[in-house]
Amino acid sequence: RREVAKNPRAASAVLARLAKDSDSDVRRGVAQNPRTAPAVLARLAKDPHGGVRREVAKNPRTTPAVLARLAKDPHGGVRWGVAENPRTAPAVLARLAEDSDWGVRRAVAQNPRTAPAVLAKLTEDSDWGVRRAVALNPRTAPAVLARLAKDSIWDVRWGVAQNPHTAPAVLARLAKDSDSDVRWEVAKNPR
């Protein structure tokens with residue numbers, strides 16, 4: 001049953017039936033399946049098992065309304081899945097940018113739908129991984145990238161060096177960075 005639940009060729013009626021299975025691993029497989037109907041995903045979003053809800057949150061067929069509900073889930077992994085989902089509304093991402101879980105904030109910083117103003121605010125995050133994710137996001141404004149290019153953590157500067165929207169003057173400064181990995185990324189930058 002678990003393998004059928006994950007099979008992208010499974011019929012909709014079979015997936016709907018498996019979504020009611022007593023085995024949470026089967027329900028998780030249905031939640032992962034890219035062919036699962038949005039209505040079935042909405043039902044699974046109320047599952048008692050956090051792992052099932054997390055897979056619903058990550059599924060690209062989950063509706064923005066269900067994602068908004070899941071963004072308030074007590075399970076950090078579920079909120080992380082919502083933050084990763086490209087269908088999550090920018091307003092929901094803005095709320096998740098203030099989450100206490102660094103993984104959720106990092107996923108928000110990576111999401112292509114996160115608003116530039118939210119990305120700018122995340123440059124002040126205490127977690128360097130969040131700041132690096134902002135540096136790598138193609139929606140990050142050049143002025144924000146210039147600020148991140150001065151970060152004390154080389155991984156953040158490495159992200160700035162990779163971003164195709166980093167200004168040439170900033171890249172010139174990073175070409176003299178003390179870290180060889182940062183300099184290498186500057187050399188590979190298309191600008």
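When I speak of charge this morning, Lys and Arg count as positive and Asp and Glu as negative, while His and the chain ends are left out of the count. With that in place, the protein chain has 35 positive and 20 negative side chains, and the centres of these two sets lie 7 Å apart. I should say at once that what we are looking at is a predicted model, and that every value I quote has been computed from it.

Let me begin with the whole chain and then move to particular residues. The protein chain is made up of 15 helices and 0 strands, and its C-alpha trace spans about 60 × 30 × 20 Å along the principal axes. Of the 191 residues in the chain, 48% are buried. The accessible surface comes to about 9400 Å², and carbon and sulfur atoms account for 55% of that surface. If we consider contacts between residues at least 6 apart in sequence, 43% of them join residues at least 24 apart.

Now to the charges, starting at the surface. Which residues gather in a patch of positive charge there? They are Arg35, Arg61, Arg87, Arg113 and Arg139. Taking one of these, arginine 113 sits in the loop between helix 9, residues 102–110, and helix 10, residues 116–122. Arginine 113 has a relative accessible area of 32%, and therefore it is described as partly exposed.

Other arginines are placed differently, and I would like to look at two that lie in helices. Is arginine 27 buried or exposed? With a relative accessible area of 8%, arginine 27 is buried, because the cut-off for that word is under 20%. Arginine 27 belongs to helix 3, which covers residues 24–32, and its C-alpha atom is 7.4 Å from that of alanine 5, although 22 residues separate the two along the chain. Setting aside neighbours within four places in sequence, arginine 27 is in contact with Leu18, Ala19, Asp21, Ser22, Leu44, Asp47, His49 and Val52.

The second is arginine 157, which is found in helix 13 and which, at 9% relative accessibility, also counts as buried. Its contacts, again without the neighbours within four places, include Leu148, Ala149, Asp151, Leu174, Asp177 and Val182.

From there we come to the salt bridges, of which the count is 14. One of them joins the side chains of aspartate 23 and arginine 2, at 2.9 Å from N to O. Aspartate 23 lies in the loop between helix 2, residues 12–18, and helix 3, whereas arginine 2 is in helix 1, residues 2–6, so the pair ties together parts that are 21 residues apart in sequence. The two partners differ in exposure, since aspartate 23 counts as buried at 17% relative accessibility, while arginine 2 counts as partly exposed at 40%.

A further salt bridge is formed by arginine 53 and aspartate 73, whose closest N and O atoms are 2.6 Å apart. Arginine 53 lies in helix 5, residues 50–58, and aspartate 73 in the loop between helix 6, residues 64–70, and helix 7, residues 76–84, so this pair ties together parts that are 20 residues apart in sequence. Both arginine 53 and aspartate 73 are buried.

Further along the chain, aspartate 127 forms a salt bridge with arginine 106, and here the closest N and O atoms are 2.8 Å apart. Because aspartate 127 lies in the loop between helix 10 and helix 11 and arginine 106 in helix 9, the pair ties together parts that are 21 residues apart in sequence. Aspartate 127 and arginine 106 are both buried. Salt bridges that share partners also join Arg2, Asp23, Asp25 and Arg28 into one network.

Finally, let me return to helix 13 and its surroundings. This helix runs over residues 154–162, and its buried residues are Asp155, Val156, Arg157, Gly159, Val160 and Ala161. What covers these buried residues? The cover includes helix 11, helix 12, helix 14 and helix 15. Within helix 14, residues 168–174, we find valine 170, which is buried with a relative accessible area of 7%. Not counting residues up to four places away in sequence, valine 170 touches Ala146, Ala149 and Val160. The C-alpha atoms of valine 170 and proline 142 are separated by 9.1 Å, and these two residues are 28 apart along the chain.

Terms used: Residues numbered from 1 in each chain as written. Predicted model: local features only at pLDDT ≥ 70, side-chain atom pairs only at ≥ 80, totals over all residues. Heavy atoms only, no water. Helix = DSSP H or I, 4+ residues; strand = E, 2+ residues; numbered from the N terminus. Buried < 20%, exposed > 50% of the residue type's maximum accessible area, 1.4 Å probe, protein only. Contact = heavy atoms within 4.5 Å. Areas by Shrake-Rupley, 256 points an atom, 1.4 Å probe, with all protein chains shown as cover. Charge placed at Lys NZ, Arg CZ, Asp CG, Glu CD. Patch = residues over 30% accessible without salt bridge, like charges linked within 9 Å, V, L, I, M, F, W, Y side chains within 5 Å. Salt bridge = Lys/Arg side-chain N within 4 Å of Asp/Glu carboxyl O.
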